[in-house]
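Here are a few exercises to work through with the model open in your viewer. Try each task before reading its solution.

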Amino acid sequence: MTSGMIGPSAAVSQQAAGRRVTLASWSSADGPIPRELVGITNHRRHETVRELRLADYPFERLPRWLSALTGLERLEIDVRSKARPLASLENLPQSVGTLVLRGADLKELPAARASVGVRALHLQAVGIESLEPGLRSFSGLQELVIESPGLIRLPDEIGKLSSLRRLAISSQRLQVLPPSIGLLSDSLDLELHCPRLPDTVQVLAERGIPELFTYLRSIAADGEPQYEAKVILIGEGNVGKSCLITALQGGEFLEGRPTTHGIEVSSLDLPQPGPQPPTPNDSLRLNLGDFGGQEVYRIGHQFFYSSRSLYILVWRPREGREENAVEDWIRRVRLRMRDQVRILIVSTHCDADQRSPELDLPHLQQKYPGIIAGQFAVDSRTGTGIEELRAALAQEAARLPQMGELVARDWQVVRTRLQDLAATRPFISWKEYLDLCADSQLGDAAAITLAALLHDLGRVIHFGGESGLGDIVVLQPEWLTRAVGYVLEDAPTREADGVLSYNRLGQIWGGAQERQAYSELLYPYFLRLMEVFDFSYRLEEGDRALVAQLVPFRRPELPWRVGQRPPASEHEATLICTFSEPPVGLMAWLTVRNHRYWTGSHWRRGVFLRSDEYGSSALFELTSDTELRLTVRGPSPYMLFALLRDSVAHLIDTRWPGLTRQFHIPCPTRSATTTPCEGRFSLDSLETFKRRGRGTIDCHTCAETHDIISLLTGFDPQPSSTPEMHQMLERVESLVSRTRDDTTQIMAAQHELHTELGRLRSELGLKLLAVRRLLTNEMKDCPTLYSLAPRRSFNPLTARYLLTLWCEETGTPHPWPEATYDLHAPRALVKETLPYLKVILPILEVGLPVLGRLTADAVSEVDLKAAQELLASTRELLHGREDSAVDWAVPYDDPNEGPRRGFRTYRHILLERDPDRRFGGLTRRITPTGDVVWLCRHHLLRYDPGLPTLPASA
């Protein structure tokens, strides 16, 4: 598809018909069709103008001649205003596929004729603040994309766009979603990039449209504003956090209070400061979390940190600022929550006869701008400074953005009852929770959504999607944290280098040494939760687990060392990740998250991994507190390299959003004495150069020139070293044939077969990763792999199709017969999906023989012959007669937009056919790399093994 810029002196030939046309200037908005378009539009050929851009459009209304372009598929208008911006869209053609409006001066959406047939409306008008009065003119919209930092509000009319299939909003100022959005279809493709929306909305949007719409519908019925916030007390041990809470609550000072283990939770009601919107009791409810300061608990604390909260950092001047690590605690919170927190620094034991606090507050406020709310000196015994601190807490809490957030009355009743129960019970069963919701007139769908919301906000702990964990709702998170803390404190487990024997659980959780006692029935639940929270993983023996935080400090002997040249048959890929500050607990979490590659070689600063699936081994090692090195070796190391690299990136971005990280590839040059060059290449720069077609890059340290592909993958750049998947498959099948037909070659061929199979599965995995990256910004609420086989039909407009979903296990995708749908769908709608289907079909065609004939990973439910017939029919759909009317040259600025649109259409078709989202039993899981996969029940066991089975003596 070509483009042309048309100005007053330009000439247009007959061959320009159907091209994308840009009209840059003209003298009047009215009058006849501009002479520059006459060559295209005369002789009844005006319908051949498919795309038109009006650049720097200066008028208040559209030209009358525009309505003559009846075949226009896309119209882009760049609004330019010297007096008034575009105020009317009256002269739009009757039907325009896509309308794009741009312009900083466009403050509101102009109105059009009520009968206008625009299907997609894109507002890239950075100044737009309102969609009124024009939105009601576009009642037939199927797609609405708004990219405007200044958008303030959405009208209630948006809920009346019953045909809407996609809604994407990007705004820095939007703070509220109208409840009417909940009236739209649950199959809506919704994208929200609005950081000021309430936590409730953002959390539920991540979980999926049904949950979000359930909430929006509930507040539309009887939403009430809530004034509640979380306050977390942090600091070293024995500085007076628990005593401070008692003083804030008006309680009596308790001499010799025991040390807090884990987290203790309580509440504090304060009057609203100054003129505020009225509340039922005119007060603020602050939920206080007292975090134990001991080092052993800190890795667990970070799961309970939350944004838009207040933090009280408590320190004791008697020991001095350094001993209390004031700045370390500030930095730790900022790493976890970026700048979305406010910290009040409180020094304790500050009565008149005690040492005055010495803290360089101006320096800290300058170093951590916007975070530190102030410094306070108190004494919990005498009450000195307590009232001033209470007033400051009320002031800061009242400024939090979630104050006044709407919650349905029935939801609030359930939440209050759960809080009351938490005073006496650490947990309840899921059945008890559902009964409690039913008593409050809350249906099952709303009850499930509320439980998920309270879990994500840290109010309860409930893993509804995990086998064995959904039967319990934990009301006291501190009760669970304390149980985990007992494991971390267990001396025999420490002496065993972090190996927890299940035979010890009775001593750990049975109430010995004045500890809290837990029922034996809860032991499997606790062990599985420790796995979910990345504290530990079960070992192959089945009666032990490895607690990664307690592994030994000593480095074991490894099969190879960094700097040693790999064998000629192997390649090596290396990554160096540098951090702005030390990420506490990084290596422990990396060890647990990648336990499927466990080799038994691990220590506090590193772990050695091995993947038989990809025929590669890897080494993670902290070379300093702020530098991590990843080295991967194998015949085809890049798949494992990509998985481990992305696992680091995902872990950092989710656990420490405030941490600055940089990825580099080291220069591979070595001197005659094998001393490596110290040069490094930015990973982001290498990937940018690769996308732009650049082949080489120079090292600024050794001045050598290096191939970019080789730096990124460890492979030489010759085409012969990177064959296509189908060529690799032919090679593997040839080796399989050799092992079957010639017994004398079995031993020689087996090793080669294993190597080639690892390379093929690696390449297959990379293709799947590429598809997931392609859909990064799309909805992740349905499977992404499917086959679509046409069935005989004589209707020219609609046809029958057999749609089968596939299990998305990275190495061996396969069809899942239980997720098969017999569709009657419009041919034109199905054809919209084909650009995406064309992307995934090669992956399915290679993945099926890898599963069925070449590995021991075959799934009994898969009929390979039937699956091959499905793929053959799918290929016919793409490349046979069914495809003859498909225009592969749909004009998108982004070459990936066609496949993305194809995926959205497929998603719409699937969710209409399966509104309950059962998907034949395929289960959604998030991998350590942050990718969403949908798995059959067999491959799900790799990610969700269920509750462990304990020995009788445990």
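**Exercise 1.** Find which residues F138 is in contact with, leaving aside its neighbours within four places in sequence.

*Solution.* Start with the cut-off: contact means heavy atoms within 4.5 Å. With that filter, F138 touches L89, L92, L99, L109, P110, A112, V116, V118, L121 and L161. Next, place F138 in its setting: F138 and Y433 have the most contacts inside the largest nonpolar core, which has 81 residues. Such a core is a set of buried Ala, Val, Leu, Ile, Met, Phe, Trp, Tyr and Cys residues joined through side-chain atoms within 4.5 Å, where buried means under 20% relative accessible area with a 1.4 Å probe, protein chains only. Apart from that core lies another one of 50 residues, including A819, L829, L834 and L848.

A word on the source: this is a predicted model, where local features need pLDDT of at least 70 and side-chain atom pairs count only at pLDDT 80 or more, while totals for chains, interfaces and linings use all residues. Residues are numbered from 1 along each chain as its sequence is written, and side-chain values use heavy atoms, with hydrogens and water left out.

**Exercise 2.** Work out how α4 and α9 pack, and which residues make the contact.

*Solution.* Elements first: helices (H or I, at least four residues) and strands (E, at least two) are DSSP runs, numbered from the N terminus. Helix α4 covers residues 241-248 and helix α9 residues 386-398; their axes are 10 Å apart, at an angle of about 85°. Axes are lines fitted to C-alpha atoms, for helices over the stretch in contact, and angles run from 0 to 180 degrees between N-to-C directions. So α4 is roughly perpendicular to α9 (65 to 115 degrees). Now the residues: α4 brings L244, A247 and L248, and α9 brings I386, L389, R390 and L393.

**Exercise 3.** Find the order of the strands β32, β33 and β34 in their sheet, then see which helices lie across them.

*Solution.* The open sheet runs β32-β33-β34, with antiparallel pairing (two strands pair if DSSP finds at least two bridges between them). β32 (786-791) and β34 (814-826) are at the edges with a single partner strand each, so one side of each has no neighbour in the sheet. Zooming in, β32 and β33 (residues 798-807) share six bridges, and P790 has Y801 as its bridge partner in β33. Finally, helix α25 (residues 864-879) lies across the three strands at about 75° to β32, while helix α26 (residues 897-913) also lies across them, at about 95° to β34.

Definitions and conventions
Parallel < 35°, antiparallel > 145°, perpendicular 65-115°, else oblique.
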